[in-house]
Amino acid sequence: MSVRTAGAARADLVADTALALLAERGMRGLTHRAVDEAAGLPQGSTSNLARTRQALLELAVRRLAEREARVLALHEMPDPRADAGSLLDALALATHRALTRNRALTLARYELALEATRRPELRAYFDAAGARFRDQLRALVTGLGSTDPDRHALSLIAWADGLMFSCVAGSFSARVPALAEVRADLRELLAGMVGAEKAW
């Protein structure tokens, strides 16, 4: 393994551990020392990679964006103009994954989002990391025939965020909806945006 590859692997380990700590302990539990201990790294390793708390948070946000991009895989979605039903299936599955096997990642995202409300420098970084997702979703709803893709993309994001927060950290956390329920909700939402005549 080259030095550069080893460095990237170390950065991923630190970032993944930081995300796990955020989900498990919250923002107060995220320290450089805690990351070293949880990752099994020599003391000072995390500080060498991310010297400040801001740098550590930025590293976590960047890794969060990479991992969520793999979960959502919007760039791999079916062409909405050719197969709206398959697109609906894929979007529902991606959303359901965030509620189930990627629940800890979703919790970490909410911790970082809340911290960004108190740190303007992190807010800019957090928003920039999510821009690619927003752009891809806007392209998908445009392909479905949306006449107002900016508003519809925002509505979809708000629906997904509301569902995830309610089921991961809110009053519905004791019951995760089944995939079929997520699909039904999403179908109703999209049908209202682009018309019920689509072959859902």
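**Figure 1. Helices α6 and α7 pack at an angle of about 130°, with 8 Å between their axes.** This angle makes α6 oblique to α7. The view comes from a predicted model. On the α6 side, the contact is built from R109, L112, A113, E115 and A116. On the α7 side, P120, L122, R123 and F126 meet them. By class, the residues of this contact are six nonpolar, no polar and three charged. Helix α6 covers residues 103–116. Helix α7 covers residues 120–144.

**Figure 2. Close-up of E115 in helix α6.** Is E115 buried or exposed? E115 counts as buried because its relative accessibility is 10%, and the cut-off for buried is under 20%. Leaving out residues up to four places away in sequence, E115 touches M27, L57 and L122. Two of these partners recur in the helix contacts. L122 belongs to the α7 side of the contact with α6. L57 belongs to the α4 side of the contact with α6. E115 itself is listed on the α6 side in the contact with α7 and in the contact with α4.

**Figure 3. Helix α4 crosses α6 at roughly 140°.** The two axes come within 11 Å. At this angle α4 and α6 are therefore oblique to each other. The crossing is left-handed. From α4, the contact takes in L57, A60, V61, L64, R67, E68 and V71. From α6, it takes in L105, R109, L112 and E115. Sorted by class, this contact has seven nonpolar, no polar and four charged residues. R109, L112 and E115 of α6 meet α4 here, and R109, L112 and E115 also meet α7.

**Figure 4. Helix α5 and its buried residues.** Helix α5 runs through residues 84–99, 16 residues in total. From first C-alpha to last it reaches 23 Å, close to the 22 Å expected at 1.5 Å a residue. Which residues of α5 are buried? They are A84, G85, L87, L88, L91, A92, A94, T95, H96, A98 and L99. These buried residues pack against α4, α6, α7, α8 and α9. An α-helix has 3.6 residues a turn, so residues three or four places apart point the same way. L87, L91, T95 and A98 are among the buried residues of α5.

**Figure 5. Helices α8 and α9 pack at an angle of about 160°.** Their axes lie 11 Å apart. That angle makes α8 roughly antiparallel to α9, because the cut-off for roughly antiparallel is over 145 degrees. The crossing is right-handed. H152, S155, L156, W159 and L163 come from α8. They meet V182, D185, L186, L189, L190 and M193 of α9. The residues of this contact divide into eight nonpolar, two polar and one charged. Helix α8 spans 149–168, and α9 spans 179–194.

**Figure 6. Close-up of A191 in helix α9.** A191 has a relative accessible area of 16% and is therefore buried. How far apart are A191 and E76 in sequence and in space? They are separated by 115 residues in sequence and by 22 Å in space, C-alpha to C-alpha.

**Figure 7. Close-up of L49 in helix α3.** Helix α3 consists of residues 45–49. L49 has a relative accessible area of 36%, so it is partly exposed. Outside its neighbours within four places in sequence, L49 is in contact with R10, A11, V14 and L59. L49 and G85 are 36 residues apart in sequence. In space, their C-alpha atoms are 45 Å apart. G85 is one of the buried residues of α5.

**Figure 8. Helix α2 and the residue that follows.** Helix α2 is made of residues 32–39. Its buried residues are H32, A34, V35, D36 and A39. G40 follows α2 and has a positive phi, near 70°.

**Figure 9. The whole protein, for placing the close-ups.** The protein has nine helices and zero strands. Along the sequence its pattern reads α-α-α-α-α-α-α-α-α. The C-alpha atoms fill a box of roughly 60 × 40 × 35 Å along the principal axes. Of the 200 residues, 42% are buried. Among contacts with a separation of 6 or more, 65% join residues 24 or more positions apart.

Definitions and conventions. Residues are numbered from 1 along each chain as its sequence is written. This is a predicted model: local features need pLDDT of at least 70, side-chain atom pairs count only at pLDDT 80 or more; totals for chains, interfaces and linings use all residues. Side-chain values use heavy atoms; hydrogens and water are left out. Helices (H or I, at least four residues) and strands (E, at least two) are DSSP runs, numbered from the N terminus. Buried means under 20% relative accessible area, exposed over 50%, partly exposed in between (1.4 Å probe, protein chains only). Contact means heavy atoms within 4.5 Å. The expected span of a helix is 1.5 Å times one less than its number of residues. Axes are lines fitted to C-alpha atoms, for helices over the stretch in contact, and angles run from 0 to 180 degrees between N-to-C directions. Angles under 35 degrees count as roughly parallel, over 145 as roughly antiparallel, 65 to 115 as roughly perpendicular and the rest as oblique. A crossing is left-handed if the near helix is turned anticlockwise from the far one by less than a right angle, and right-handed if clockwise. Ala, Val, Leu, Ile, Met, Phe, Trp, Tyr, Cys and Pro count as nonpolar, Asp, Glu, Lys and Arg as charged, and the others, Gly among them, as polar.
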